[in-house]
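Grab a pencil and work through these exercises with the model open beside you. Try each task yourself before reading its solution.

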Amino acid sequence: MTTATKARAACLIGWPAAHSRSPLIHHYWLRTSGIEGGYNIEAVPPEGFAEFVTHLSAHGFVGANVTIPHKERALALSTPDARARAVGAANTLWYESGELRSTNTDVEGFIDNLDACAPGWDQTAEALVLGAGGAARAVVFGLLERGIARVHVVNRTPERARLLADQFGARVQPAPWQAIAELLPRAGLLVNTTSLGMLGQPALELDVSRLAADAVVADLVYVPLETPLLAAARARGLKTADGLGMLLHQAVRGFELWFGQRPQVTAELRALIEADLTKV
Ligand code: NAP
């Protein structure tokens, strides 16, 4: 076979090259869309990251996902969009007119998953976000972009919630952890971006019965798939959006940028990743 054009390939850059579901997701989409392409894991130590990223194309890649500990450096070494700048970290790189661009796809992963799981969720005026780390910044940016009028941010370390609110302006209000009970009845959307509820971490102690009957609950944690928070919300009949859905939806944009086709988050893909997660 003559190969005038080399198959396009993207990669995941991390250190150490932790077990990631990204290769499973992208290989599934490559296979089901009949695209001849690749997605590799590249273990790159911090001292080699700048060289690797600035010569990504010479290393054979049309783009990349970036994970711990490189996401902040990736932002500095590329031309970021508004989302990556707002989050302060880039997780997806691609070339545009020869320039290395970056974005943070957690923003659309979160929003697209909500749209898929709870259409109409954005009719609420107020949202309550628990946590003030990197994932919270992506969530808050997405909520503001979508037009939610008020976003309350509660964090264990109040100073980080205040810094986040300062960054995003008056529509974002920091509140102390003790204010959760009082904020719950007003919030049409509750989002957990803390690691509480994750396997090996304490559960998130919260009374979902204080939420309105049409409230939506989103949890970014995806190990376990059904967190105690989501289980309690479902038991109350509330609509929910889970962390695995966000993980799948955040992968869509990278694939589209690298391989030129927008892939679908299908039930089959979800089942594939669920099976992998339950192996752990
Ligand atoms: P991060 O920057 O380290 O922030 C962690 C957050 O959790 C902080 O707000 C921290 O509060 C809070 N926290 C940790 N332990 C706590 C405890 N015992 N009690 C109360 N709050 C606690 O991490 P991140 O990148 O934002 O990620 C947060 C979570 O989101 C992780 O579980 C991650 O796996 C998940 N995530 C999921 C997706 C997805 O696609 N589903 C994407 C991104 C992240 P302090 O500020 O007080 O330390």
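**Exercise 1. Which side-chain and backbone atoms does an oxygen atom of the ligand approach, at R156, R160 and G134?**

Step 1: Start at R156, where an N or O atom of the side chain sits 2.9 Å from an oxygen atom of the ligand. Step 2: Go on to R160, whose side chain has an N or O atom 2.7 Å from a ligand oxygen. Step 3: At G134, look at the backbone instead: a polar atom there is 3.2 Å from an oxygen atom of the ligand. Step 4: Now widen the view to the 21 residues that surround the ligand (a heavy atom within 4 Å of it). Among the closest are A135, N155 and T157.

A word on the model: it is predicted, so local features need pLDDT of at least 70 and side-chain atom pairs pLDDT 80 or more, while totals for chains, interfaces and linings use all residues. Residues are numbered from 1 along each chain as its sequence is written, and side-chain values use heavy atoms, leaving out hydrogens and water.

**Exercise 2. How do domain 1 and domain 2 meet, and how many salt bridges does the rule find across their interface?**

Step 1: Mark the domains, with bounds from an automatic or database assignment: domain 1 is 8-105 + 251-277, and domain 2 is 107-245. Step 2: Their C-alpha centres are 26 Å apart. Step 3: Find the contacts (heavy atoms within 4.5 Å): 12 residues of domain 1 touch 17 residues of domain 2. Step 4: The two domains bury about 1300 Å² between them (accessible area lost on being put together, 1.4 Å probe, summed over both), and 53% of that is on carbon and sulfur atoms. Step 5: Four salt bridges cross the interface (a side-chain nitrogen of Lys or Arg within 4 Å of a carboxyl oxygen of Asp or Glu). Step 6: D112 and R262 pair up in a salt bridge, 3.9 Å from N to O.

**Exercise 3. Where are the cis peptide bonds before P69 and P224, and which loops hold these prolines?**

Step 1: Check I68 and P69, joined by a cis peptide bond with omega about 5°. Step 2: P69 lies in the loop between β3 (63-66) and α3 (71-76), where helices (H or I, at least four residues) and strands (E, at least two) are DSSP runs numbered from the N terminus. Step 3: The bond from V223 to P224 is cis too, with omega near 10°. Step 4: P224 belongs to the loop between β11 (216-219) and α9 (228-235).

Key: A polar contact is a pair of N or O atoms within 3.5 Å; within protein, one must be able to donate a hydrogen and the other to accept it, and residues adjacent in sequence count only if both atoms are side-chain atoms.
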